[in-house]
Amino acid sequence: MSKYYAIYLQLKEAIEQGKFQKGELLPSENELMKTYEASRDTIRKALTLLAQNGFIQKNKGKGSIVLQTDRISFPVSGVISFKELAKGRPESIKTHVKKVCIIKADQALSEEMSIPQNTELYKIERIRQYDDEKIIYDIDYLIKDIVPFMDERIAGDSLYEYIENTLHLPISYAQKEITVQSCTAVDRNYLDMLNYDLVVVVKSLVYLEDTRLFQFTESRHRPDKFRFVDFARRHG
């Protein structure tokens, strides 16, 4: 993991935990350089990422002002793991791994991922539990040539930590599609759907820094529990 991204995650966690309140200034760039033993360029990259994701507003001559401290939302334009999202939350958040296996891409996956049919993939099915309710069903497909090993222990912790910190493959960006679909029998079997008959489906194609696709995810959410947010800036 790059240093600026690690600093970004630490500052983001501090904001989410309320260590910096809405409207408060973050420490100056000089103070952050000393705290994290980092260059000015590294600190500026971390602050830029915070600004791009809507956590701070950078004002010349005034510093970085905290914008938001109470997120429990999935950023549409961000690439974030469930473990990173859960950090600092007071709620009980758990992951249940239902399946890890090797499959070959059928025609549907071949078209979805723009890969040849029969490409070997790891298929991972996980249930996300928020407090006492199972509310998210994730299906991940990882290209085996890029991620050569996967097991239930890794799947139950953090795929992204393993890919970035163990395999040393920097994750860069994702393309996402969000739709609302009818609840399936599998959704009802895996999730606590209550009286809901619809799920929010987020499909993500995730790419490495070298632009290689390594992951396709279909994430199926009970509609009442999570908001999907984006943060946009107007450029004149």
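Contact here means heavy atoms within 4.5 Å. On that basis, residues 24 or more positions apart account for 59% of the contacts in the protein with a separation of 6 or more. The structure is a predicted model, in which local features need pLDDT of at least 70 and side-chain atom pairs count only at pLDDT 80 or more, while totals for chains, interfaces and linings use all residues. Residues are numbered from 1 along each chain as its sequence is written, and side-chain values use heavy atoms, with hydrogens and water left out.

The protein has eight helices and ten strands, taken as DSSP runs numbered from the N terminus (helices are H or I with at least four residues, strands are E with at least two). Of its 236 residues, 43% are buried, where buried means under 20% relative accessible area, exposed means over 50%, and partly exposed lies in between (1.4 Å probe, protein chains only). The protein exposes about 12,700 Å², of which carbon and sulfur atoms supply 46%; such areas come from the Shrake-Rupley method with a 1.4 Å probe.

Two packed helices are described by the angle between their axes and the distance between the axes. Helix α1 (residues 3–16) packs against helix α3 (residues 40–52) at an angle of about 50°, and their axes are 8 Å apart. That angle makes α1 oblique to α3, since angles under 35 degrees count as roughly parallel, over 145 as roughly antiparallel, 65 to 115 as roughly perpendicular and the rest as oblique. Axes are lines fitted to C-alpha atoms, for helices over the stretch in contact, and angles run from 0 to 180 degrees between N-to-C directions. From α1, the residues Lys3, Tyr4, Tyr5, Ile7, Tyr8, Leu11, Lys12 and Ile15 meet Thr42, Ile43, Lys45, Ala46, Leu47, Leu49 and Leu50 of α3. By class, this contact of α1 with α3 has eleven nonpolar, one polar and three charged residues.

Leu47 of α3 is also among the residues touched by Ser64, together with Glu24, Leu25, Leu26, Ile56, Gln57 and Lys58, when residues up to four places away in sequence are not counted. Ser64 is found in strand β2 (residues 63–66), and it counts as buried because its relative accessibility is 8%.

Another buried position is Leu213, at 12% relative accessibility, which lies in strand β9 (residues 213–221). Leaving aside neighbours within four places in sequence, Leu213 is in contact with Met113, Ile143, Ile146, Leu205, Val206 and Tyr207. The C-alpha atoms of Leu213 and Leu142 are separated by 9.0 Å, although these residues are 71 residues apart along the chain.

Strand β9 also appears in the surroundings of helix α7, whose buried residues are covered by elements including β5, β6 (133–143), α6 (152–156), β7 (171–182), β8 and β9. The buried residues of α7 (residues 159–166) are Leu159, Tyr160, Tyr162, Ile163 and Glu164. After α7 comes His168, with a positive phi near 60°.

Two other residues with positive phi, neither of them glycine, are Asn118 and Leu194; the table sets out their places and values.

| Residue | Phi | Loop | Relative accessibility |
|---|---|---|---|
| Asn118 | about 75° | between α5 (107–113) and β5 (120–130) | 52%, exposed |
| Leu194 | near 55° | between α8 (185–190) and β8 (198–208) | 55%, exposed |

Note on methods:
Ala, Val, Leu, Ile, Met, Phe, Trp, Tyr, Cys and Pro count as nonpolar, Asp, Glu, Lys and Arg as charged, and the others, Gly among them, as polar.
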